[in-house]
Amino acid sequence: MMVRAFCLLLFTIAVTPLLQAQTFREPPKGSPERAVILDAVRPAVEAEMRGSVEFVVTTMRVSPGWAFVQVEPQRPGGGAIDPERTGFRGESDMMDGLTVFALLTFQLGRWNLVDHVVGPTDVAYAIWPDRYGVPPALVCMEE
């Protein structure tokens, strides 16, 4: 009995970090899930960019109930966005490009934007695990 409990403890210690490290996945390019996640981010970004955008995905991590994305917005067809023709006019020299980091939650049968930042010069999403309870590994902030 004691040997069995000890073996179970060793197994738990060995497997727990692996399970925690694999708590997210990336929806495949072109998948409906990927499209609806990006579509949930799009209205906020289009308002800030003052026009239609499409995204080049750098990172997309999804876990049960949460999604984290890092995307580069561009005009439809691949055109560059001039920061001085956006809601960031006069601020672009204080930004690190137009990279968007976004946090979403899956509630009531759909993806909803929780928070996002555009062009941060620091790791602005580092507070999201404490603020929103999102798993740190999902937002690339392993504990």
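Two strands count as paired here if DSSP finds at least two bridges between them, and that criterion underlies the strand pairings visited on this tour of a predicted model.

Begin by selecting the four strands together: they form an open sheet in the order β1-β2-β3-β4, with antiparallel pairing. At the edges of this sheet lie β1, residues 54-63, and β4, residues 110-118, each of which pairs on one side only. If you look along the sheet, neighbouring strands are turned against each other by 25 degrees on average, direction being ignored.

Next, add helix α2, residues 32-49, which packs on the sheet and touches β1, β2, β3 and β4. The direction of α2 makes about 125 degrees with that of β1.

Now restrict the view to β2, residues 66-74, and β3, residues 100-107, an antiparallel pair joined by six bridges. Within this pair, select Phe68 and then Leu103 in β3, which is the bridge partner of Phe68.

Staying with β3, colour its residues by accessibility: six of the eight are buried, so the strand is largely enclosed by the rest of the structure.

From there, move to the loop between β2 and β3 and select Thr99. Is this residue buried or exposed? Thr99 has a relative accessibility of 11% and therefore counts as buried, since the cut-off for that class is under 20%. Display the side chains of Thr99 and Glu72, and you will find a polar contact of 2.6 Å joining them. To see what else surrounds Thr99, set aside its neighbours within four places in sequence; the residues in contact with Thr99 are then Gln70, Val71, Glu72, Val117, Val118, Gly119 and Pro120.

The last stop is the other side of the pairing of β3, where eight bridges join this strand to β4, the two running antiparallel. Select Gln107, and opposite this residue, in β4, stands Arg110. The two strands β3 and β4 form a hairpin that has two residues between them. Finish by selecting Leu108 in that turn, whose phi is positive, at about 55 degrees.

Definitions and conventions. Residues are numbered from 1 along each chain as its sequence is written. This is a predicted model: local features need pLDDT of at least 70, side-chain atom pairs count only at pLDDT 80 or more; totals for chains, interfaces and linings use all residues. Side-chain values use heavy atoms; hydrogens and water are left out. Axes are lines fitted to C-alpha atoms, for helices over the stretch in contact, and angles run from 0 to 180 degrees between N-to-C directions. Contact means heavy atoms within 4.5 Å. Buried means under 20% relative accessible area, exposed over 50%, partly exposed in between (1.4 Å probe, protein chains only). A polar contact is a pair of N or O atoms within 3.5 Å; within protein, one must be able to donate a hydrogen and the other to accept it, and residues adjacent in sequence count only if both atoms are side-chain atoms.
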